[in-house]
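Biologist: Please take a close look at a single part of this model, the protein surface that faces the DNA, and walk me through what is found there.

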There are 2 protein chains.
Amino acid sequence: MRRDIPKDAVPMLCASCEGRNKGICSTLDCHQLHELVRSSRKSAVEGGAALLGEAERIDRYANILSGVVKLTKTLSDGRQQIVGHQFAPDFLGRPFRAESQLNAEAATEVVLCSFPREAIERMMQESPELERRLYKQALDELDEARDWMVTLGRKTASEKIASLLLMFARHAEPSGKAGRNFARFDLPLTRADIADFLGLTIETVSRQLTRLRNDKIICIENNRLIIVPDLRRLNARAGN
Amino acid sequence: MRRDIPKDAVPMLCASCEGRNKGICSTLDCHQLHELVRSSRKSAVEGGAALLGEAERIDRYANILSGVVKLTKTLSDGRQQIVGHQFAPDFLGRPFRAESQLNAEAATEVVLCSFPREAIERMMQESPELERRLYKQALDELDEARDWMVTLGRKTASEKIASLLLMFARHAEPSGKAGRNFARFDLPLTRADIADFLGLTIETVSRQLTRLRNDKIICIENNRLIIVPDLRRLNARAGN
DNA sequence: CGCGGGTTTGAATCATGTCAAGTTAAGTGG
DNA sequence: CCACTTAACTTGACATGATTCAAACCCGCG
């Protein structure tokens, strides 16, 4: 390996990186970090870009440094369903499987730090902390997927919309106190995306959004910026 | 610890146990197995029994040795959704969280081998193989949950029913060649369970089942035993 | 100015839910 | 062995929420 960089310092690339602070890299020591950096690659992609296709070979995993990624699945006749969203500093990838079972697409502009599959898998062998960290993320994603199953299976259209807004309100809130009762955020999804996520049509999404607006639960500016004056009222609409 | 049992032998309890062969215990050596056995408890519960309540403290995890467990979530007004099923030799539990976010209920008679939470968590620290095994199960469950999200969000009632039957056909097939094109199995769920899983009503479930029967895709005997003469035709109905 | 993507709105249709009877099958007790 | 009960399931008629199809709108951009 290389000698010229002090082993006890964090690589420059990582010093100010969110992945390093909160993501999976927080489990790595300086040595491991240096090793990973050697094969890692930082990249930015614009919204709408495909990151990974269904049944495609996976050769790189990545950390999401900023932006929102949507995970989708498609039926043979074209019906589509979003099965999850990932935010910084999530890890993007499905260890132990060579082929992807879903599509990953940038919903907004996304910045990634990617590394070869083998690098992560080797490091996972060496570092139980890393593996545990990944395990925990998988469990969290599982909890989340199951929550959405309830929403998809049992909620009405307007409850679905309210639930979605609530999720983004929680994620967008710039780690402001959790107790906050109002929210203001950019919806990173088109109506079509929302429909795909909630198992609805764009028309129904549109109708329910205007209903929420008429009832003064939300304000919509520029079709994208959402303002929720009273999160409790929105929560009530979400059926929880 | 005890001395009279040779450390290099598999504990009697485990010798013929499915968990030992295919479950998480397959990652443990004899020593670890002996340690776990000391605090483990084998139990059988009849169908319908609650294994774990929402927001309940978790103090024991378990291996499922036989039977089917259903995992459910409930909205405040009583609407219910099944969010997953577990079969032998799955591990039942949610590490790293003291409170359950879901209900677990025996769908059929179920035999469990349970152990204290701490025992597993300690052993997870010691054995990366065990942790990896659990991680893999979590990833599989995540894949499955996402598959069902597509079904819940985008499929019609009859496609949902067909998908469910297909899942049970796959799980029930006693590891007969995967290439098998017909199946015969006991439906371990009531119509109400099916409805709760697919986000439908029992009436719709009943109607779609009779439709499948009229179309000769399935035969139903005793309201419980399902025979599928041609899995490909069923698969076509499932919208894949 | 007009063009196109994303969005909203309206009216008609359809799938699924709701409500209400029946049916079947499995006890249970006389 | 025969009521009687009960739970699970089926079937029918009707109501309704969501989709479909069609049209209009809005707004940034060439």
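Modeller: A polar side-chain atom of Ser206(A) lies 2.8 Å from a phosphate oxygen of DNA strand C, and I should say at once that this distance, like every other value here, comes from a predicted model. Two further side chains of chain A reach the phosphates of that strand: an N or O atom in the side chain of Arg191(A) is 2.7 Å from a phosphate oxygen of DNA strand C, while for a polar side-chain atom of Asn223(A) the distance to a phosphate oxygen of the strand is 3.3 Å. The elements that contribute two or more residues to the surface near DNA strand C are α8 (202–214) of chain A and α8 (202–214) of chain B, and the largest share, four residues, comes from α8(A).

Taking the surroundings of DNA strand C as a whole, there are 15 residues around it, of which Arg191(A), Ser206(A), Ala157(B), Thr204(B) and Arg207(B) come nearest. Of the atoms of DNA strand C that come within 4 Å of the protein, sugar and phosphate account for 64%. Sorted by class, the surface near DNA strand C holds two nonpolar, eight polar and five charged residues.

Turning to the other strand, 16 residues surround DNA strand D, and those that come nearest are Ala157(A), Thr204(A), Arg207(A), Arg191(B) and Ser206(B). Sugar and phosphate supply 61% of the atoms of DNA strand D that lie within 4 Å of the protein. A backbone contact is found here, in that a polar backbone atom of Ala157(A) is 2.9 Å from a phosphate oxygen of DNA strand D. The bases of DNA strand D are also reached by side chains: a polar side-chain atom of Glu203(A) lies 3.2 Å from a base nitrogen, and a polar side-chain atom of Arg207(B) lies 3.0 Å from a base nitrogen of that strand. Two or more residues of the surface near DNA strand D come from α8 of chain A and likewise from α8 of chain B, with α8(B) giving the most, four residues. By class, the surface near DNA strand D is made up of two nonpolar, eight polar and six charged residues.

As for the chain that carries α8(A), chain A contains nine helices and 11 strands. Its radius of gyration is 20 Å, close to the 18 Å that the globule rule gives for 240 residues, so chain A is as compact as a globular protein of that length.

Definitions and conventions:
Residues are numbered from 1 along each chain as its sequence is written. Chains are lettered from A and ligands numbered from 1 in the order in which they are written. This is a predicted model: local features need pLDDT of at least 70, side-chain atom pairs count only at pLDDT 80 or more; totals for chains, interfaces and linings use all residues. Side-chain values use heavy atoms; hydrogens and water are left out. A residue is near a molecule or strand if one of its heavy atoms lies within 4 Å of it. A polar contact is a pair of N or O atoms within 3.5 Å; within protein, one must be able to donate a hydrogen and the other to accept it, and residues adjacent in sequence count only if both atoms are side-chain atoms. Ala, Val, Leu, Ile, Met, Phe, Trp, Tyr, Cys and Pro count as nonpolar, Asp, Glu, Lys and Arg as charged, and the others, Gly among them, as polar. The radius of gyration is taken over C-alpha atoms; the globule rule is 2.2 Å times the number of residues to the power 0.38.
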